[in-house]
Amino acid sequence: MKSLKDTNNHYSLKHRILSWSVLIGIFICGVMVGAIHWGNKPVNTADSGVQANVAQEDEYVPPCRLLEEALLENINGRINNGNWDADEKHDANARVYERLVKVGCSENVEKYKSLVESEIEIAENLRVVNNKSKKSFDDFDDSVEYEYEEVEPCVVIEKTLRERIQEWCSNANCHLNNAEIYSKMAEDGCPGNKEVNTKKALDELQIAEGVRIDEREIGNNEIRTTVNTYKKLQMQNEAKKYLNKVEKLVNPGIDFILELQRVIEE
């Protein structure tokens, strides 16, 4: 029995020594890995911060690039070519590109020359489509006192009304407002532009109807605006058809309907 007990104690001591050796080895490996990791990690010192700032300051931007960035802010990249003044906006872009040809970076000169030609060509084609002279509004200088005979009243009317047109609409009311303005231009603007303004008014009415999600949500103001637009376009029959349609949809009230019917018949 004594011999067996001595043997067990011998093996138990041997196992404990082996276990401690393994634990010590694992600890030493962990220390070595940590030392390697921290040895490779960059140390943020005052000198390293100075070097980073110096590197940023050394990044040179040529003056021509700064001029290009400033001038390109004036480019209108969202021109609606269906608007009457789209040619003027393309002309404005062309003038910016002409300036860039002179003061921009040399490697971009040919690109800007090509853009000048493109903008001018688009503007000229739009004037042909709209039967519009370049000097209609582009050369109208408010700082000069013009003789009354030199500027037709219809030109002033159209120019004033056009400034109230919203180019980017997000709802039906906005398009209806544009339609009424175009109808007013067709009514009181230059006779030569009546057909164009009439078409634009009708287009805006169609768009307003297309972007409305639920026709049952048409309000009295929208109905009145649409009827007035048709009235200015001398399209009384279309106004009556529209009034009959909305009366069935929303039933705005007999008094309101009678009021608009009188407007149409006047």
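**Figure 1. Cys154 and Cys190 are joined by a disulfide in this predicted model.** Buried means under 20% relative accessible area. Cys190 has 11% relative accessibility, so this cysteine counts as buried. Its partner Cys154 is at 16% and therefore also counts as buried. The two sulfur atoms lie 2.1 Å apart. The link of Cys154 and Cys190 is right-handed, with 85° about the S-S bond. The pair links distant parts of the chain: Cys154 sits in helix α6 (residues 153–162), and Cys190 in the loop between α7 and α8 (194–211). In sequence they are 36 residues apart.

**Figure 2. A disulfide connects Cys64 and Cys105.** The sulfur-to-sulfur distance is 2.1 Å. About the S-S bond the angle is 90°, and the link of Cys64 and Cys105 is right-handed. Cys64 belongs to helix α3, while Cys105 is in the loop between α4 and α5, so the bond ties together parts that are 41 residues apart in sequence. The two ends differ in exposure. Cys64 counts as partly exposed because its relative accessibility is 21%. Cys105, at 1%, counts as buried.

**Figure 3. Cys169 and Cys174 form a disulfide.** Their sulfur atoms are 2.0 Å apart. With -55° about the S-S bond, the link of Cys169 and Cys174 is left-handed. Cys174 has a relative accessible area of 14% and is therefore buried. The chain has 3 disulfides by the distance rule. With the bonded cysteines numbered in sequence order, the pairing reads 1-2, 3-6, 4-5. A disulfide is a covalent bond between the sulfur atoms of two cysteines.

**Figure 4. Helix α4 covers residues 86–103.** The helix has 18 residues. From its first C-alpha to its last, α4 reaches 26 Å, close to the 26 Å expected at 1.5 Å a residue. Its buried residues include Ala86, Ala94, Val96, Tyr97, Leu100 and Val103. Also among the buried residues of α4 are Asp87, Lys89, His90, Asp91 and Asn93. The cover over the buried residues of α4 includes α3 (63–72) and α5 (109–129).

**Figure 5. The largest nonpolar core has 17 residues.** Ile223, Val227, Tyr242, Leu243, Val246 and Leu260 touch the most other members. At least two residues of this core come from each of α7, α8, α9 (220–232), α10 (236–250) and α11 (254–265). Beyond four places in sequence, Val227 touches Ala239, Tyr242, Leu243, Leu260 and Ile264. Another core, of 8 residues, lies apart from the largest one. Its members include Ile165, Ala186, Ala201 and Leu233. In soluble globular proteins, nonpolar side chains tend to be buried together.

**Figure 6. Confidence varies along the chain, from helix α2 to helix α7.** The mean pLDDT is 75, and 70% of residues reach 70 or more. Over residues 1–11 the pLDDT is below 50, and this stretch has 0 contacts beyond near neighbours in sequence. Residues 35–57 also stay under 50. For them the model has 1 contact beyond four places in sequence. Helix α2 (residues 46–57) has the lowest confidence, at a mean of 44. Helix α7 (residues 172–188) has the highest, at 92. Where pLDDT is low, the predicted coordinates should not be read in detail.

Conventions. Residues are numbered from 1 along each chain as its sequence is written. This is a predicted model: local features need pLDDT of at least 70, side-chain atom pairs count only at pLDDT 80 or more; totals for chains, interfaces and linings use all residues. Side-chain values use heavy atoms; hydrogens and water are left out. pLDDT is the predictor's confidence in each residue, from 0 to 100. Helices (H or I, at least four residues) and strands (E, at least two) are DSSP runs, numbered from the N terminus. Contact means heavy atoms within 4.5 Å. The expected span of a helix is 1.5 Å times one less than its number of residues. Buried means under 20% relative accessible area, exposed over 50%, partly exposed in between (1.4 Å probe, protein chains only). A disulfide is a pair of cysteine sulfur atoms within 2.5 Å. A nonpolar core is a set of buried Ala, Val, Leu, Ile, Met, Phe, Trp, Tyr and Cys residues joined through side-chain atoms within 4.5 Å.
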